[in-house]
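Here are my notes for our discussion. Please read them with the model open.

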Amino acid sequence: MNKNVIEIEGLYKKYKLGVVSADTLADDISLNWGKLISKFKFLNSKNEDKKLLNLENQEFFALKNINFNVEKGEILGLIGSNGAGKSTLLKILSKITTPTYGSIKIKGRIASLLEVGTGFHPELSGKENIYLNGAILGMRKLEIDKKLDQIIDFSGVEEFINTPVKRFSSGMRVRLAFSVAAHLDPEILLIDEVLAVGDADFQKKCLDKMENISTSGRTVIFVSHNMSAIRSLCKRAIVLEKGEVKHNDIASVAVDLYLNSSSHKIKSEYKWNLENAAGSDKLRIISVYIKPKIGNLITVNSGISFTIECLTNLKKASVSIGYSIYSNDGIMLTHSYKPISEPKMLEPGFYKTTSVFPSEILNKGIYYIIVWYGESDVENLATTKERIFFEVHAGTKKNSTREITGILNPDISFLTSYRKK
C-alpha cells in the first residue's frame with residue numbers, strides 16, 4: 001500500500017532575472033505590462049543598452065529536478081543556506097506559486113506557516129485575526145469557535161488578544177500564527193523558520209506540538225536553521241543547494257553533511273549594496289565586520305569585535321541595534337541590543353556601532369550571528385538575510401594542558417576548603 005502523501009517528480013521552477021514572478025492576478029498584469037515596456041525600450045535603445053536588457057532577462061532555475069516522496073506521519077526536515085530554494089519549494093507545495101515543469105501529487109489538506117503573520121490584518125485585533133487567518137487556511141467559523149480558547153492559550157498572548165496586531169512584536173505575531181495553523185488539524189503542515197522568533201519555552205511548545213501532529217498520523221515539512229531541532233525532531237532531512245537536492249538521508253547524516261559543506265563561507269567582512277541590503281527605505285544594514293579584539297586571529301582568548309554599519313532615513317526616532325550569536329547547529333547562545341542614539345539626536349545618515357564580545361566565553365568552533373535593527377522595541381526595521389559566520393580558534397587555557405570540549409569555554413574559578421574528619 002502506498003503510504004506517500006506527497007510525491008514530487010522532476011520539479012523545476014524557472015525565473016527571469018529582472019522580472020517579477022506572477023504569483024497573483026496583479027502580478028500577472030504588472031508582468032505583462034512590464035514585458036511590453038521592456039520590448040519598446042529594447043527596440044528604441046542603443047546597442048549597449050540592449051546588452052544590459054538581455055542580461056536582465058536571463059533565466060535561472062530556483063529549483064532543478066527535485067525528486068522525493070513524503071510518507072504519512074513523517075516529519076521531514078528541509079535545510080540549506082539562504083537562496084537554496086527552500087521557500088520556493090514550500091510556496092509551490094502551498095499552491096502560492098506554480099512549478100515550471102514537473103509533477104506534484106498531494107493527498108490531504110495543507111496548512112502552511114511560511115512568513116510571520118501572513119494573512120494578518122494590522123488594524124484588526126488578535127482575536128479577529130484568528131478568525132481571518134483561520135478562514136484563509138480553510139477553517140469554518142464553527143471549527144474556529146470550538147478551538148478558539150485552545151488557540152489563544154497555546155499562543156500565550158491572551159493578555160493582548162483584543163489589541164490590534166500592529167502593536168504586536170514579531171514574536172507575538174508568529175506565536176499566534178503558529179497556534180492557528182497548528183490547531184487547524186491539517187493532514188500536512190508546512191512550517192518555515194517558526195523557531196527563528198520566540199523564546200525557548202515557546203520553541204519547545206512548537207516542537208512538542210509538531211511531534212504530536214506526527215504521532216497522530218499527520219505529516220510535517222519543517223524548514224529551520226536550528227540543526228539541533230532538525231536532529232531531534234526529524235527522522236529524515238533533505239539538503240537543498242542552489243535549487244538541487246544535495247543530500248536525502250537520515251537527519252543526523254544530512255545535518256553533518258550540510259554543516260561540513262562549502263556553503264558556510266567564513267569571512268571577516270560582509271558588505272552589501274543598497275539594492276540588496278537588508279531593510280527598507282527607513283533603514284538598511286550596509287556592512288558587518290568581525291575581527292579579534294586582540295591580535296590577528298579570533299581565538300578563545302582574543303575577544304571578538306563586531307562592527308555594524310547602517311544607513312537610516314529616520315529622524316528623532318528610537319532605534320536599537322541587536323545581534324544574536326548561534327552555534328553552528330543553530331542553537332541561540334546569547335543576544336544583546338542597545339540604542340544607537342538618543343531618540344532626539346537621531347538624524348538621517350550612516351551609523352557605525354562596535355560591540356566587543358568578551359574573551360574566554362566561546363570555545364573553538366564555527367558560529368554565526370544574525371544582526372537586526374528595531375524601532376521603539378516594536379517594529380523590526382532590518383534583519384540580515386544571511387547567517388554571518390565566524391570561527392573561533394583554540395587558545396591557551398590557564399593552568400591546563402588538556403583540550404576543553406563543549407560550546408562554552410569560560411574562565412571558571414574553583415575554591416576548595418578543608419576541615420578535619
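1. Start with helix H3. Its buried residues are Lys86, Thr88, Leu89, Leu90, Ile92 and Leu93. That makes six of eight, so the helix is mostly covered, given that buried means under 20% relative accessible area. Keep in mind throughout that this is a predicted model.

2. Lysine 95 follows H3, and its phi is positive, near 65 degrees. The residue is not a glycine. Lysine 95 sits in the loop that links helix H3 (86-93) to strand E4 (101-106). Is lysine 95 buried or exposed? Its relative accessible area is 71%, and the cut-off for exposed is over 50%, so lysine 95 is exposed.

3. Glutamate 360 also deserves a look. Its phi is near 55 degrees, again a positive value in a residue other than glycine. The loop here runs between strand E15 (349-357) and strand E16 (365-375). Glutamate 360 has a relative accessibility of 12% and counts as buried, because the limit is under 20%. Lysine 95, by contrast, is exposed.

4. Now the overall picture. The protein chain has nine helices and 18 strands. Of its 421 residues, 43% are buried. Take the contacts between residues at least 6 apart in sequence: 71% of them join residues at least 24 apart.

5. Which residues touch the most other members of the largest nonpolar core? They are Ile130, Phe178, Met210, Val220, Phe222 and Ile230, in a core of 45 residues. Helix H6 (residues 170-182) gives the largest share, with seven residues. Another core lies apart from this one. That second core has 37 residues, including Trp272, Ile340, Val371 and Phe389. As general background, nonpolar side chains in soluble globular proteins tend to be buried together.

6. Isoleucine 130 is worth following outward. Beyond its neighbours within four places in sequence, isoleucine 130 contacts Ile144, Leu148, Ile151, Ile152, Ile161, Leu176 and Val180. Isoleucine 130 appears among the H4 residues that meet H5. It appears again among the H4 residues that meet H6. The next two points take these helix pairs in turn.

7. Look first at H4 against H5. The axes of helix H4 (residues 126-136) and helix H5 (residues 141-155) come within 10 Å. They cross at roughly 130 degrees. This angle lies between the 115 that closes the roughly perpendicular range and the 145 above which helices count as roughly antiparallel, so the pair is oblique. The crossing is right-handed. From H4, the residues are Lys127, Ile130, Tyr131, Gly134 and Ala135. From H5, they are Lys141, Ile144, Asp145, Leu148, Ile151 and Ile152. By class, this contact has seven nonpolar, one polar and three charged residues.

8. Next, H4 against H6. Here too the axes come within 10 Å, and the crossing angle is roughly 45 degrees. Roughly parallel needs under 35 degrees and roughly perpendicular starts at 65, so H4 and H6 are oblique to each other. The crossing of H4 and H6 is right-handed. Gly126, Ile130, Asn133 and Gly134 of H4 meet Leu176, Ala177 and Val180 of H6. The class count is four nonpolar, three polar and no charged residues. The contact of H4 with H5, in turn, has three charged residues.

9. Stay with H5 for one more residue. Glutamate 143 lies in this helix. Is glutamate 143 buried or exposed? Its relative accessibility is 14%; the limit is under 20%, so glutamate 143 counts as buried. Leaving out residues up to four places away in sequence, glutamate 143 touches Arg109 and Leu184.

10. Finish at alanine 237, in strand E8 (residues 236-241). Its relative accessible area is 0%, so alanine 237 is buried. What does alanine 237 touch, residues up to four places away in sequence not counted? The partners are Leu76, Gly77, Ile230, His247, Asn248, Asp249, Ile250, Ala251 and Ala254. Leucine 76 is 161 residues from alanine 237 in sequence. In space, their C-alpha atoms are 5.6 Å apart. Ile230, another partner of alanine 237, is one of the residues that touch the most other members of the largest nonpolar core.

Terms used:
Residues are numbered from 1 along each chain as its sequence is written. This is a predicted model: local features need pLDDT of at least 70, side-chain atom pairs count only at pLDDT 80 or more; totals for chains, interfaces and linings use all residues. Side-chain values use heavy atoms; hydrogens and water are left out. A nonpolar core is a set of buried Ala, Val, Leu, Ile, Met, Phe, Trp, Tyr and Cys residues joined through side-chain atoms within 4.5 Å. Buried means under 20% relative accessible area, exposed over 50%, partly exposed in between (1.4 Å probe, protein chains only). Helices (H or I, at least four residues) and strands (E, at least two) are DSSP runs, numbered from the N terminus. Contact means heavy atoms within 4.5 Å. Axes are lines fitted to C-alpha atoms, for helices over the stretch in contact, and angles run from 0 to 180 degrees between N-to-C directions. A crossing is left-handed if the near helix is turned anticlockwise from the far one by less than a right angle, and right-handed if clockwise. Ala, Val, Leu, Ile, Met, Phe, Trp, Tyr, Cys and Pro count as nonpolar, Asp, Glu, Lys and Arg as charged, and the others, Gly among them, as polar.
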